[in-house]
Amino acid sequence: MEETPLFLAEAAMYCELSLQEMWNTIPKERCFDLHAGGSKLRVISRGTWNHDAGPDFLNAKIEIDGKIISGHVE
């Protein structure tokens, strides 16, 4: 199995950190229109940013078309 070149691994880490930072700045109760299927998504709670291994955010809560979903966000 080949190892990923260091510059690609660093780029992937930078990209993931950028996504984490964007998720962490979403205001609570923010609503989004999902273009796939016309659904509505509301961020009730972003959860707690997990800086350790595992999911990026713990105990988040979102609502999709009236159904509330709780769990971790990766």
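The following exchange examines how several features of this predicted model are assigned.

User: How many salt bridges does a search of the whole structure find?

Analyst: The search finds three salt bridges. They pair Arg 42 with Glu 29, Asp 33 with Lys 40, and Glu 63 with Arg 42.

User: Why is the pair of Arg 42 and Glu 29 called a salt bridge?

Analyst: The closest N and O atoms of Arg 42 and Glu 29 are 2.2 Å apart. The cut-off is 4 Å between a side-chain nitrogen of Lys or Arg and a carboxyl oxygen of Asp or Glu, so the pair qualifies. Arg 42 belongs to strand S2 (residues 40-45) and Glu 29 to the loop between helix H1 (6-24) and strand S1 (30-33), so the salt bridge ties together parts that are 13 residues apart in sequence.

User: What makes Asp 33 and Lys 40 a salt bridge, and are these residues buried, partly exposed or exposed?

Analyst: The N to O distance between their side chains is 2.4 Å. This value lies within 4 Å, and therefore Asp 33 and Lys 40 form a salt bridge. Asp 33 has 49% relative accessibility and counts as partly exposed. Lys 40, at 48%, is also partly exposed. Each value falls between the limits of 20% and 50%, hence the label.

User: What is the evidence for the salt bridge of Glu 63 with Arg 42, and which parts of the chain does the pair link?

Analyst: The closest N and O atoms of Glu 63 and Arg 42 are 2.5 Å apart, which is within the 4 Å cut-off, so the term applies. The pair links distant parts of the chain, with Glu 63 in strand S4 (residues 57-64) and Arg 42 in strand S2, 21 residues apart. Through shared partners, salt bridges join Glu 29, Arg 42 and Glu 63 into one network.

User: Why is the link between Glu 63 and Arg 42 also called a polar contact?

Analyst: The side chains of Glu 63 and Arg 42 are joined by a polar contact of 2.5 Å. The limit for N or O atoms is 3.5 Å, so the distance satisfies it.

User: Why is Glu 63 assigned as buried or exposed, and how are Arg 42 and Glu 29 classed?

Analyst: Glu 63 has a relative accessible area of 18%. Buried means under 20%, so Glu 63 is buried. Arg 42, at 22% relative accessibility, is partly exposed, and Glu 29, at 43%, is likewise partly exposed. Leaving out residues up to four places away in sequence, Glu 63 touches Lys 40, Leu 41, Arg 42, Ile 44 and Ile 68.

User: What is said of Asp 56 with regard to burial and salt bridges?

Analyst: Asp 56 is buried but has no salt bridge. The nearest side chain of opposite charge is that of Arg 46, 13 Å away. A salt bridge requires a distance within 4 Å, so Arg 46 does not qualify as a partner. Asp 56 sits in the loop between S3 and S4, and its contacts beyond four places in sequence include Glu 16, Gln 20, Thr 48 and Val 73.

User: Which residues make up the largest nonpolar core?

Analyst: This core has six residues: Trp 23, Ile 26, Leu 41, Val 43, Phe 57 and Ile 62. Strands S2 and S4 each supply at least two of them. Beyond its neighbours within four places in sequence, Val 43 contacts other residues, among them Trp 23, Ile 26 and Ile 62.

User: How do you know that S1 and S2 pair, and what of S2 and S4?

Analyst: S1 and S2 are antiparallel, with four bridges. At least two bridges are needed, so S1 and S2 count as paired. One of the bridges joins Cys 31 to Arg 42 in S2. S1 and S2 form a hairpin with six residues between them, and Gly 37 in the turn has a positive phi of about 90°. S2 and S4 also pair in the antiparallel sense over four bridges, and Ser 45 has Lys 61 as its bridge partner in S4.

User: What makes the phi of Glu 29 and that of Asn 59 worth noting?

Analyst: Most residues other than glycine have a negative phi. Glu 29 has a positive phi near 65°, and the phi of Asn 59 is positive as well, near 60°. Asn 59 lies in strand S4; with 58% relative accessibility it is over 50%, and therefore exposed.

Definitions and conventions. Residues are numbered from 1 along each chain as its sequence is written. This is a predicted model: local features need pLDDT of at least 70, side-chain atom pairs count only at pLDDT 80 or more; totals for chains, interfaces and linings use all residues. Side-chain values use heavy atoms; hydrogens and water are left out. Buried means under 20% relative accessible area, exposed over 50%, partly exposed in between (1.4 Å probe, protein chains only). A nonpolar core is a set of buried Ala, Val, Leu, Ile, Met, Phe, Trp, Tyr and Cys residues joined through side-chain atoms within 4.5 Å. Contact means heavy atoms within 4.5 Å. Lys and Arg count as positive and Asp and Glu as negative; His and the chain ends are not counted. A polar contact is a pair of N or O atoms within 3.5 Å; within protein, one must be able to donate a hydrogen and the other to accept it, and residues adjacent in sequence count only if both atoms are side-chain atoms.
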